[in-house]
Amino acid sequence: AGLEEFEAKRKQEDEDRRRRREEERREILTANKTQIAAQKEMLRQMEEEEQKLVQDMLKKFAQDEEMERHLLMQKMEAKDRFVEQAKKQRGERARLYLDEREREEAEAKASMAEEEYRQRIIAEARRRLLEQHAK
């Protein structure tokens, strides 16, 4: 009976070891699956964060580009207004200059007409005096 008990005890111990190894193997597989799932989730979150970062950067670049375009348009509009204003001022100065020249010419003509009229009056008076003196 001692050998049979020993044999049965050895079989039981072998069975217990096998069960423990099987349980450990299952626990390791479960732990591995859990770890793999956690790694996959971590990778998914990292990719999601990276995508969000990329989208945020693209949005920022687009905003910066829009702002640069807007500032460039403002500069161009300001330059156009400045050029237009300068043209307007040149035109105004030219108009004032022409008006002044026309005024001066009109004054000169009026002065010449006045002088001619005076000279005619003097000539007519001289002629009359000479005629009266001749009589």
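**A single helix and its surface**

M57 lies in helix 1, which covers residues 2-134. The model is predicted. M57 counts as partly exposed, because its relative accessibility is 40% and partly exposed residues fall between the 20% and 50% cut-offs. M57 also belongs to a nonpolar patch on the surface. The other members of this patch are L53, V54, L58 and F61. Together, the five residues have about 460 Å² of accessible area.

The protein chain contains one helix and zero strands. Its radius of gyration is 57 Å, whereas the globule rule gives 14 Å for 135 residues, so the chain is more spread out than a compact globule. Along the principal axes, the C-alpha atoms fill a box of roughly 195 × 5 × 5 Å.

Q12 is also placed in helix 1. With a relative accessible area of 41%, Q12 is partly exposed. The separation of Q12 from G91 was computed as well. The two residues are 79 residues apart in sequence. From C-alpha to C-alpha, Q12 and G91 are 116 Å apart in space.

For the chain as a whole, 0% of the 135 residues count as buried. Buried here means under 20% relative accessible area. The accessible surface of the protein chain comes to about 13400 Å². Carbon and sulfur atoms account for 57% of this surface. The chain carries 34 positive and 36 negative charges. The mean positions of these two sets of charges are 5 Å apart.

Terms used:
Residues numbered from 1 in each chain as written. Predicted model: local features only at pLDDT ≥ 70, side-chain atom pairs only at ≥ 80, totals over all residues. Heavy atoms only, no water. Patch = residues over 30% accessible without salt bridge, like charges linked within 9 Å, V, L, I, M, F, W, Y side chains within 5 Å. Areas by Shrake-Rupley, 256 points an atom, 1.4 Å probe, with all protein chains shown as cover. Salt bridge = Lys/Arg side-chain N within 4 Å of Asp/Glu carboxyl O. Helix = DSSP H or I, 4+ residues; strand = E, 2+ residues; numbered from the N terminus. Buried < 20%, exposed > 50% of the residue type's maximum accessible area, 1.4 Å probe, protein only. Rg over C-alpha atoms; globule rule 2.2 N^0.38 Å. Lys, Arg positive; Asp, Glu negative; His and termini not counted. Charge placed at Lys NZ, Arg CZ, Asp CG, Glu CD.
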